[in-house]
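Work through the exercises below with the coordinates open. Try each task before you read its solution.

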Amino acid sequence: MSKSKLPAFSVRDFFQRFPDDEACLTHIMEVRFGMKHVCRKCGVESTFHRMTERRAFACASCGDHLYPTAGTVFEDTRTPLQLWFYAIYLFVTTRHGVSGKELQRQLGVTYKTAWRMGMKIRELIGGVDGFEMLAGHVELDEAYVGGRRKGKRGRGAEGKTVVMGMKERGGKVRTEVIPNVKKDTLRGVVLRNVETGATVSTDELMSYGLLEGDGYTHGRVKHSDKEWAIYDYRTDETYSTNHVESFWKLFKASVRSTHIHVSSKYMDRYLNEFAFRSNHRDRQNAMFDLIVSRV
Ligand SMILES: [Zn+2]
């Protein structure tokens, strides 16, 4: 079964859409307010005209000045809008994400500026996907990420952040940083994120019976016994955590290849960034528009 891929968002497409700061400003106006909308000042459904000399548009009816970048990441920046847009473009089109160094190189700004831009963009990405309970068949698997030391593999590695990954089969992936892997914590993650009635696949970390009485169908694979999938003929379900594990593999490989070190302080943002890219894969244009509409 081959999924037909949508055309990628090429560099050429980017510069055609956003040849200069002017085009970017107009785009922000369009996605935030619209070139025609009910004026907040005079209440008339009015058209707005670009004002020369200012990064503003004026109401055709009352002349009120509207600054489309007000209150956005672009408001107090000396970095040209087109560079911001291009940075967002890189986040969308680069499979493994963009490091501060890479942004610095590509945009020709200082490392400090590049790093800040990257963090701001991750913040925007974090606000894109609205919260919705996961449903259907959801795979759960925890991962230990970050930390400078290699530590021992798997559970209990020191200096690492524990994150629960949740993947709805055929749907979204979500992550949540958790303080530990105690029973109450694990059960809480499921209750917060997975719809009652859903089927849940985990490995043996989540003990049998942990979700009993909560309305889930829970299947476990015993990785310690080299068991990767179990077919249950009664429910016609195959329990496995293969999909969520693929997400973790990609995440870890990406962090290794792109970022030298991700601090636990910002782990949430990196996780959101990767989940976002994974959830909107093959839809680069849509991804870009989603982020820009969040400014
Ligand atoms: Zn007006």
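**Exercise 1. Positive phi in loops**

Is Glu53 buried or exposed? Then place Glu53 in the fold and give its phi. Repeat for Asp236.

Solution. Note first that the model is predicted.
- Step 1: Glu53 has a relative accessibility of 82%. The cut-off for exposed is over 50%, so Glu53 counts as exposed.
- Step 2: Glu53 sits in the loop between strand E2 (45–50) and E3.
- Step 3: Phi of Glu53 is near 75°, a positive value in a residue that is not glycine.
- Step 4: Asp236 belongs to the loop joining strand E10 (229–232) and strand E11 (237–240). Its phi is near 55°, again positive in a non-glycine residue. With a relative accessible area of 54%, Asp236 is exposed.

**Exercise 2. The zinc site**

Find which protein atoms serve as donors to the zinc ion, and assign the geometry of the site.

Solution.
- Step 1: The protein donors are the SG atoms of Cys39, Cys42, Cys59 and Cys62. They lie 2.3 to 2.4 Å from the zinc ion.
- Step 2: Along the chain, the donors follow the spacing C-x2-C-x16-C-x2-C.
- Step 3: Angles among the four donor atoms run from 104 to 113°. Four donors count as tetrahedral if all angles lie between 85 and 135 degrees, so the zinc site is tetrahedral. For reference, the ideal angle for four tetrahedral donors is 109.5 degrees.
- Step 4: Check accessibility. Cys39 is buried, at 3% relative accessibility. Cys42 is partly exposed, with a relative accessible area of 30%.

**Exercise 3. A buried arginine**

Locate Arg122 and list what surrounds its side chain.

Solution.
- Step 1: Arg122 is part of helix H5.
- Step 2: Its relative accessibility is 4%, so Arg122 counts as buried.
- Step 3: A polar atom of the Arg122 side chain lies 3.0 Å from the backbone oxygen of Val98.
- Step 4: Set aside neighbours within four places in sequence. Arg122 is then in contact with Phe91, Val98, His259, Arg269, Tyr270 and Glu273.

**Exercise 4. One side of H9**

Which residues of helix H9 (residues 284–292) are buried, and which helices do they pack against?

Solution.
- Step 1: The buried residues of H9 are Gln284, Met287, Phe288, Ile291 and Val292.
- Step 2: They cover an arc of only 125° around the axis, so they lie on the same side of H9.
- Step 3: The buried residues of H9 pack against helix H1 (11–17), helix H2 (21–32), helix H3 (81–93), helix H5 (111–126) and helix H8 (267–279).

**Exercise 5. The nonpolar cores**

Identify the residues of the largest nonpolar core that touch the most other members, then find a second core.

Solution.
- Step 1: The largest core holds 40 residues. Phe14, Phe74, Phe85, Leu103, Phe288 and Ile291 touch the most other members.
- Step 2: At least two residues of this core come from each of H2, strand E3 (57–59), H3, helix H4 (100–107), H5 and H9. H3 gives the largest share, 10 residues.
- Step 3: Look at Phe74. Neighbours within four places aside, its contacts are Ile28, Arg55, Thr69, Leu81, Trp84, Phe85, Ile88 and Val295.
- Step 4: A second, separate core has 19 residues, among them Val162, Met166, Met206 and Leu210.

Methods:
Residues numbered from 1 in each chain as written. Predicted model: local features only at pLDDT ≥ 70, side-chain atom pairs only at ≥ 80, totals over all residues. Heavy atoms only, no water. Donors = N, O, S within 2.8 Å, 3.2 Å for Na, K, Ca; no water. Tetrahedral: all angles 85-135°; square planar, octahedral: opposite > 155°, others 65-115°. Buried < 20%, exposed > 50% of the residue type's maximum accessible area, 1.4 Å probe, protein only. Helix = DSSP H or I, 4+ residues; strand = E, 2+ residues; numbered from the N terminus. Arc of directions from axis to C-beta. Contact = heavy atoms within 4.5 Å. Polar contact = N/O pair within 3.5 Å; in protein donor to acceptor, adjacent residues only side chain to side chain. Core = buried A, V, L, I, M, F, W, Y, C linked by side-chain atoms within 4.5 Å.
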